[in-house]
Amino acid sequence: VQLQAYGGGLVQAGGSLRLSCAASGSILIIDAMNWYRQAPGKERELVASMSSFGTTYYADSVKGRFTISRDNAKNIGYLQMNSLSPDDTAVYYCNARGKLIDWRDFDSWGQGTQVTVSS
């Protein structure tokens with residue numbers, strides 16, 4: 001399974017960005033679509049997650065500002081980021097876990113997209 005993440009860029013504080021992650025391959029189901037981020041000098045952290053049932057998780061630092069969604073028919077995940085602050089500057093990675101059409105598990109990562117928020 002290949003994941004292609006895009007939508008990052010440079011934005012001023014208070015602005016918004018929408019990240020997208022397109023999954024391709026012999027996918028039966030994506031059980032979880034996740035967004036992680038890694039800022040310089042920091043560990044990678046889980047930002048948001050959404051199950052195939054629609055259950056969501058958000059890190060405390062992004063609650064109320066970020067919204068995760070997914071299009072199950074197209075195997076695309078989204079992360080809408082509002083009220084961005086310089087603390088949100090990081091490389092954002094999408095991650096998808098699920099099953100292939102032969103019922104094998106997969107756990108795939110996108111290439112990362114840079115989000116830079118200027119003050």
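The text below goes through the sheet, the core, the disulfide and some backbone torsions of this structure.

The model is predicted, so local features need pLDDT of at least 70 and side-chain atom pairs count only at pLDDT 80 or more, while totals for chains, interfaces and linings use all residues. Residues are numbered from 1 along each chain as its sequence is written, and side-chain values use heavy atoms, with hydrogens and water left out.

Start with the sheet. Four strands form an open sheet in the order 1-3-8-7, with antiparallel pairing. Strands here are DSSP runs of E, at least two residues long, numbered from the N terminus. Two strands pair if DSSP finds at least two bridges between them. Strand 1 and strand 7 are the edges, and each pairs on one side only. On average, neighbouring strands of this sheet are turned by 15° against each other, direction ignored. The strand axes are lines fitted to C-alpha atoms, and angles run from 0 to 180 degrees between N-to-C directions.

Now take the two edges in turn. Strand 1 pairs with strand 3 in the antiparallel sense over five bridges. Leu3 has Ala23 in strand 3 as its bridge partner. At the other edge, strand 7 and strand 8 pair in the antiparallel sense over six bridges. Thr67 has Gln80 in strand 8 as its bridge partner. Strand 7 and strand 8 form a hairpin with four residues between them. Asn75 sits in that turn and has a positive phi of about 55°.

In a regular strand the side chains alternate between the two faces of the sheet. Strand 7 shows such alternation: Phe66, Ile68 and Arg70 point to one face and are buried. Thr67, Ser69 and Asp71 point to the other face and are not buried. Buried means under 20% relative accessible area, exposed over 50%, and partly exposed in between (1.4 Å probe, protein chains only).

Phe66 leads into the core. The largest nonpolar core has 31 residues, and Phe66, Leu79, Met81 and Tyr92 touch the most other members. Such a core is a set of buried Ala, Val, Leu, Ile, Met, Phe, Trp, Tyr and Cys residues joined through side-chain atoms within 4.5 Å. Several strands each supply at least two residues of this core, including strand 1 (2–6), strand 3 (17–24), strand 7 (66–71) and strand 8 (76–81). Strand 9 gives the most, with five residues. Leu79 touches Trp35, Val47, Phe66, Ile68 and Tyr92, among others, not counting residues up to four places away in sequence. Contact means heavy atoms within 4.5 Å.

Next comes the disulfide. A search of the whole structure finds one (a pair of cysteine sulfur atoms within 2.5 Å). Cys21 and Cys94 form the bond, with their sulfur atoms 2.1 Å apart. The pair links distant parts of the chain: Cys21 is in strand 3, Cys94 is in strand 9, and they are 73 residues apart. The torsion about the S-S bond of Cys21 and Cys94 is about 65°, so the disulfide is right-handed. Cys21 and Cys94 are buried.

Last, the backbone. Most residues other than glycine have a negative phi. Ser83 is not a glycine, yet has a positive phi of about 50°. Ser83 is found in the loop between strand 8 and strand 9. At 45% relative accessibility, Ser83 counts as partly exposed. Trp103 also is not a glycine, and has a positive phi of about 75°. Trp103 lies in the loop between strand 9 and strand 10 (105–109). With a relative accessible area of 60%, Trp103 is exposed.
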